[in-house]
Structure formats: C-alpha cells, structure tokens
Amino acid sequence: MTPKPSPPYAYATRSPSPYGEWGAYGAYPQHAPEPPPPLPLPYHRLARITGHHRWWRPLAGTSLVLAGAMAAVLLVMLGAEIAGALLDRPVDADGFRVWGGVAETGLALLSLAVLTPVVFLAARWTQRRPPGTLSSVAGRLRWRWLGRCLAMGLPLVAGSFGIMTLLPDPGGTDEVVWAGLQEFLLGLAMVCVLVPFQAAAEEYAFRGWLTQVVGAWFRSPWVAIAPQALLFAAGHGWGTPWGFADLVVFGVVAGVLTVRTGGLEAAIGLHVLNNLLSMGVSAAIAGALASDETAADMPWTSVGVDLVMLCGYTVLILRVAGRRGIEAVGVGAAGVGAPRIRT
C-alpha cells in the first residue's frame, strides 16, 4: 500500500495553548542596554559631560552669549529711557535721559548682572547640558561652601582695603568730600543689592563660560585659565600697567580656585567682597560712584597689598577645601541616559 503524500511545506502542528502563541513562558522582554555612567570630570571640562560636545558648540554658544549680552544692555537702556520719560528726567546733549551718579552706576551694574541668565541659556541651548554645570561639579551652587568662602575672605579683603586707604596716592591728592547721609545710604543700598549679582555674573561669564569653552577643546587647566584672565583684565580697561597686571593676577587666582575647588564659589566670594567694600566706601565720597575709574587704574602702591591678599586667600581656601573634602571633579548632575564620552 502506497503511503499518502504529505502536502508541500507541511509543518508540525501543536495543540493550542491557554497561554497564547508563546506558551506558558510568554514573550522574552527586550530591554535597551543601560548607558555607562558618566565619568567624573574636572570643572574646566564639564562642557563635555553629557557627550553632546562637538567642536562648533562652544563657538555657537559664545556667539549667543555676546548677542544676548548686547540685547540685555539694550533692554536695560530702553527700560531706563522709558522710566526716565515717565518721570520726566532731564535729557543730556545726546538725547538720553540723565539719572545722576548713583542711578547711572546702578544701571551699569544691572547691565552686567543680566549676564548670568544669558550664559545659562547658552549652556542649555547650544551645548545641551545642565546650566548648573557652570556653577560647580555638583551641578549647582554649593551655598554652604560659598558662605565659608565669604567668611574666610572678609577679614583678608577688609584688612587689605584698610591698608590701601592709608597709603599715599602717587597720582595726586584729590580732596575727599563727604557725600551726605542721604546720598550715602542710597548709594550703599544700591551697592548691597546689585553688586552680588554683578560680581557673580562676571564670574559666570569669565571663570565659568570662558574657562569651560576653552576646556572643551584642551585638557590642560592652565590653557583654560589663561585666556579668561587676560580678557577679564581687558574688560576693565587698560588703565595703568600695574592695575592691568593686578587684574590678570586676580583672574588667574580666581581661575585656579575654580578648577581646584570644582566650582565658582571661592571666586564669587572673593569678587563680591572686593566690590562690596570698594564701592561701599565710594558711596560715602561725593561723586566717587559716578567716576569712570576701575580697578585697572589702581596705583602701584596698592598692587603689592592686593597681591599679598590674593595669595593669602588662595592658600587659605585650598587648605580648607582639602580638609573638608570639597570635590574638584564630578558629573555636574548630568542627565541619565545621555550618551557619554570618556575624556
């Protein structure tokens, strides 16, 4: 008897399963592999922490910072003109509203203070990283450490400033005139409110943004620190050679402290104290706040005192940071799941 041929391509059949097509065990779930954890980086390399770095991103971000800074200044000027028109302020020869010495200085400080949100937006939009990576390796401003830096720096800055006021001025003997109680209190209030934001904004722009822009391309911290120090000094005007050199040293010291402590706190503390004391005293002198002089005009007799203070502050901060275990490297609170680069 000839067996009955089976149909072509016949497959074995199975009995239906109450658990469905895949039987009792069900489908094996497919999970995407977990990305490797981010490698901790020093502060000046944090622009690379999310792995989105490309060679052109720092350039695009810097262009955005410059454009945003110009737009912010124009907005402050426009707001001042509108307010001046509403309050019927007098007009100068160029057609701009005149606010007086204290108010003009306040507008200048406000124009600098708005740099902070500008660099935050540049970090977020062009480099695709958390803005907190500009603050520290922890991804945020470490407020307790900032408070300690302010407390340690206050006696040093106040002492050096006191010594400077006792030194003779080699440039002349300008008469010091009391500004008056009302003018002094108004100027002091303006200084106390705006100077912390102005000083912090300069730190975010120079020790923060510029240091990390260069650090995105170069591993060496010294290569990242040097350009911002020179640009910081140039931003205050040329003044005297001594004053310019002192500003360069200030920029280098602030940059070293930023990299060695992993954040801007020490630099912000030093900058805030320096500006608060100098401008607070200027508020007591008639016309001093309206003066065009900057730290670049510092005489040589004061530069030596300032350099000693900067060295003392640096040694003190680094010792305390070492004892308290202040982190100098970290992941900057980078988002989990982003691609990573080992650098």
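Just after helix α1, Asp-88 takes a positive phi of about 60°. That's a handy place to start in this predicted model, with α1 itself next.

**Helix α1**

α1 covers residues 57-86, 30 residues in total. From its first C-alpha to its last it reaches 43 Å, close to the 44 Å expected at 1.5 Å a residue. Its buried residues start with Arg-57 and Pro-58 and include Gly-61, Val-65, Gly-68, Ala-69 and Ala-72, with Val-76, Ala-80 and Gly-84 further along. What do the buried residues of α1 pack against? They sit against α2 (101-113), α3 (115-126) and α5 (181-215).

**The overall layout**

Zooming out, the chain has nine helices and two strands. Read from the N terminus, the order is β-α-α-α-α-α-α-α-α-α-β, so to speak a run of helices with a strand at either end. Of the 343 residues, 42% count as buried. Looking at contacts with a separation of 6 or more, 81% come from residues 24 or more positions apart.

**α7 alongside α9**

Helix α7 (residues 241-261) and helix α9 (residues 300-324) have axes that come within 10 Å and cross at roughly 5°. Angles under 35 degrees count as roughly parallel, which is why α7 is called roughly parallel to α9. On the α7 side, the residues in contact include Trp-242, Asp-246, Phe-250, Leu-257 and Arg-260; on the α9 side, Trp-300, Asp-306, Leu-310, Tyr-313 and Ile-317 are among them. By class, this contact has 13 nonpolar, three polar and three charged residues.

**Two buried spots**

His-271 has its place in helix α8 (residues 265-282), while Gly-262 lies in the loop between α7 and α8. Are these two buried or exposed? Here's how they come out:

| Residue | Relative accessible area | State |
|---|---|---|
| His-271 | 3% | buried |
| Gly-262 | 0% | buried |

Both fall under the 20% cut-off, so both count as buried.

As for company, and leaving aside residues up to four places away in sequence, His-271 touches Gln-198, Ala-199, Glu-202, Glu-203, Arg-207, Phe-232 and Phe-250. On the same terms, Gly-262 touches Tyr-43, Ser-136, Val-137, Arg-142, Leu-257, Glu-327 and Ala-328. Gly-262 also makes a pair with Gly-332 worth a look: they are 70 residues apart in sequence and 9.9 Å apart in space, C-alpha to C-alpha.

**The nonpolar cores**

Which residues touch the most other members of the largest nonpolar core? In this set of 51 residues, they are Trp-145, Tyr-204, Trp-209, Ile-268, Leu-270, Tyr-313 and Ile-317. Two or more residues each come from α1, α3, α4 (143-166), α5, α6 (221-235), α7, α8 and α9. The largest share, nine residues, is from α5.

Tyr-204 gives a feel for the surroundings. Not counting residues up to four places away in sequence, Tyr-204 touches Thr-116, Val-119, Phe-120, Leu-134, Ser-135, Leu-141, Trp-209, Leu-264 and Ile-268. Apart from the largest core lies another one, of eleven residues, with Val-191, Val-195, Ala-283 and Ala-284 among them.

Definitions and conventions. Residues are numbered from 1 along each chain as its sequence is written. This is a predicted model: local features need pLDDT of at least 70, side-chain atom pairs count only at pLDDT 80 or more; totals for chains, interfaces and linings use all residues. Side-chain values use heavy atoms; hydrogens and water are left out. Helices (H or I, at least four residues) and strands (E, at least two) are DSSP runs, numbered from the N terminus. The expected span of a helix is 1.5 Å times one less than its number of residues. Buried means under 20% relative accessible area, exposed over 50%, partly exposed in between (1.4 Å probe, protein chains only). Contact means heavy atoms within 4.5 Å. Axes are lines fitted to C-alpha atoms, for helices over the stretch in contact, and angles run from 0 to 180 degrees between N-to-C directions. Angles under 35 degrees count as roughly parallel, over 145 as roughly antiparallel, 65 to 115 as roughly perpendicular and the rest as oblique. Ala, Val, Leu, Ile, Met, Phe, Trp, Tyr, Cys and Pro count as nonpolar, Asp, Glu, Lys and Arg as charged, and the others, Gly among them, as polar. A nonpolar core is a set of buried Ala, Val, Leu, Ile, Met, Phe, Trp, Tyr and Cys residues joined through side-chain atoms within 4.5 Å.
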